[in-house]
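I open these notes for a reader who has not met this structure before. My entries record what I looked up, in the order in which I took it.

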Amino acid sequence: MSAAEFLRPEGWLGENEGPRYVQLRQRLESGIESGVLPPNSSLPPEREIAEITELSRVTVRKAIQELVREGLIEQRQGSGSFIREPMNRMEQSLSHLTSFTEDMAQRGMETTSRWLERGVFLPTQTETIALDLPDGAEVSRIYRLREAGGRPMALERASLPLDILPNPLEVTTSLYQVLGRRDLRPVRAVQKISAINLEAREADLLQVPEGAAGLSIERISYLGSGRVAELTRSLYRGDAYDFVAELRL
Ligand code: 16G
């Protein structure tokens with residue numbers, strides 16, 4: 001069945017069935033769910049949907065905007081609206097201190113990073129306190145967009161004392177691998193997870209609509225000696241991750 005046939009109003013659009021944009025949104029959702037509107041296929045232009053359904057363009061636009069906000073449809077500039085590939089949610093155990101590269105490798109996925117910042121800087125007060133830096137010390141900072149299987153997953157900003165990571169440029173793929181080579185891989189970490197709504201710039205990098213749900217994670221990692229090795233502040237896409245913790249008596 002073509003998208004145009006699927007959208008013909010007979011059978012799903014009714015006078016007394018609630019707002020029309022909601023009915024259209026639900027029709028589109030059911031098409032996406034059943035695969036009549038498959039991932040990466042384009043949606044007919046607004047004008048055409050309006051003609052097929054005999055709804056106004058304002059109504060059609062409203063329905064589409066809601067689906068964009070829900071992350072089911074993506075608008076590509078100049079080429080219209082497309083059905084998004086569904087995200088396979090990943091489970092990440094909260095009991096093992098693994099790195100992003102290892103987590104993804106375990107799932108058979110390759111990771112890539114887009115570097116947003118990498119260098120030695122004067123620390124912020126938060127970094128000084130969290131990393132217990134002495135007066136006047138600098139900090140190594142790496143900020144990357146982390147992708148798995150070509151899709152953006154998280155924005156990660158790691159800060160480390162300079163003697164633990166003297167040269168941040170050395171990190172090309174895995175931070176933990178670089179630390180491991182110097183025998184400075186953290187062995188314990190405390191993580192704080194909170195729910196947030198992604199702001200415009202972050203949402204843009206993670207390729208989700210502004211205001212989409214995200215997880216903000218702060219990790220402080222420790223060396224065997226008990227010394228703090230890393231402060232990482234990450235923003236994960238809310239639709240990509242389930243963090244799973246095991247509890248024992
Ligand atoms: C994980 C850690 C992050 C660590 C990174 C190292 C969370 C929330 N964060 O993403 O703290 O810096 O792994 O990954 O789990 P890498 O060795 O692949 O660079």
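**Entry 1: the cavity**

I looked up the largest cavity and found a volume of about 240 Å³. I note at once that the model is a predicted one. My search of the whole structure returned one cavity of 30 Å³ or more.

I then asked which residues lie nearest the centre of the largest cavity. They are Thr98, Phe100, Glu156, Arg219 and Tyr236, out of 21 residues that line the cavity. By class, I recorded seven nonpolar, eight polar and six charged residues in this lining.

Next I looked up which elements supply the lining. At least two residues each come from helices α5 (100-106) and α7 (175-181), and from strands β5 (139-148), β6 (151-161), β8 (213-222) and β9 (228-237). Strand β9 gives the most, with four residues.

**Entry 2: α2 against α4**

I turned to the packing of helices. Two packed helices are described by the angle between their axes and the distance between those axes. For helix α2 (residues 20-34) and helix α4 (residues 57-70), I found an angle of about 50° and axes 8 Å apart. The angle makes α2 oblique to α4, because an angle is called oblique when it falls outside the parallel, antiparallel and perpendicular ranges. I entered the crossing of α2 and α4 as right-handed.

Which residues of α2 meet α4? From α2 I listed Arg20, Tyr21, Leu24, Arg25, Leu28 and Glu29. On the α4 side, they meet Thr59, Val60, Lys62, Ala63, Glu66, Leu67 and Glu70. I sorted the residues of this contact into six nonpolar, one polar and six charged.

**Entry 3: α3 against α4**

Helix α4 also packs with helix α3 (residues 46-53); I found that their axes come within 9 Å and cross at roughly 115°. That angle makes α3 roughly perpendicular to α4, since the range for this term runs from 65 to 115 degrees. The crossing of α3 and α4 is right-handed.

I listed Glu46, Arg47, Ile49, Ala50 and Thr53 from α3. Their partners in α4 are Arg57, Val60, Arg61 and Ile64. The contact of α3 with α4 divides into four nonpolar residues, one polar and four charged.

**Entry 4: alanine 3**

I closed with a single residue, alanine 3, and placed it in helix α1 (residues 3-7). Leaving aside residues up to four places away in sequence, I found that alanine 3 touches Leu37 and Pro44. How far is alanine 3 from glutamate 110 in space, and what is their separation in sequence? From C-alpha to C-alpha I noted 34 Å, and along the sequence the two are 107 residues apart.

Notes:
Residues numbered from 1 in each chain as written. Predicted model: local features only at pLDDT ≥ 70, side-chain atom pairs only at ≥ 80, totals over all residues. Heavy atoms only, no water. Axes fitted to C-alpha atoms, helices over the stretch in contact; angles between N-to-C directions. Parallel < 35°, antiparallel > 145°, perpendicular 65-115°, else oblique. Left-handed = near helix turned anticlockwise from the far one by under 90°. Contact = heavy atoms within 4.5 Å. Nonpolar A, V, L, I, M, F, W, Y, C, P; charged D, E, K, R; others polar. 1 Å grid on protein atoms, 1.4 Å probe; cavity = no way out; pocket = protein on both sides within 12 Å on 5 of 7 lines; lining within 4 Å. Points joined across faces, edges and corners; volume = space filled by probe spheres on them.
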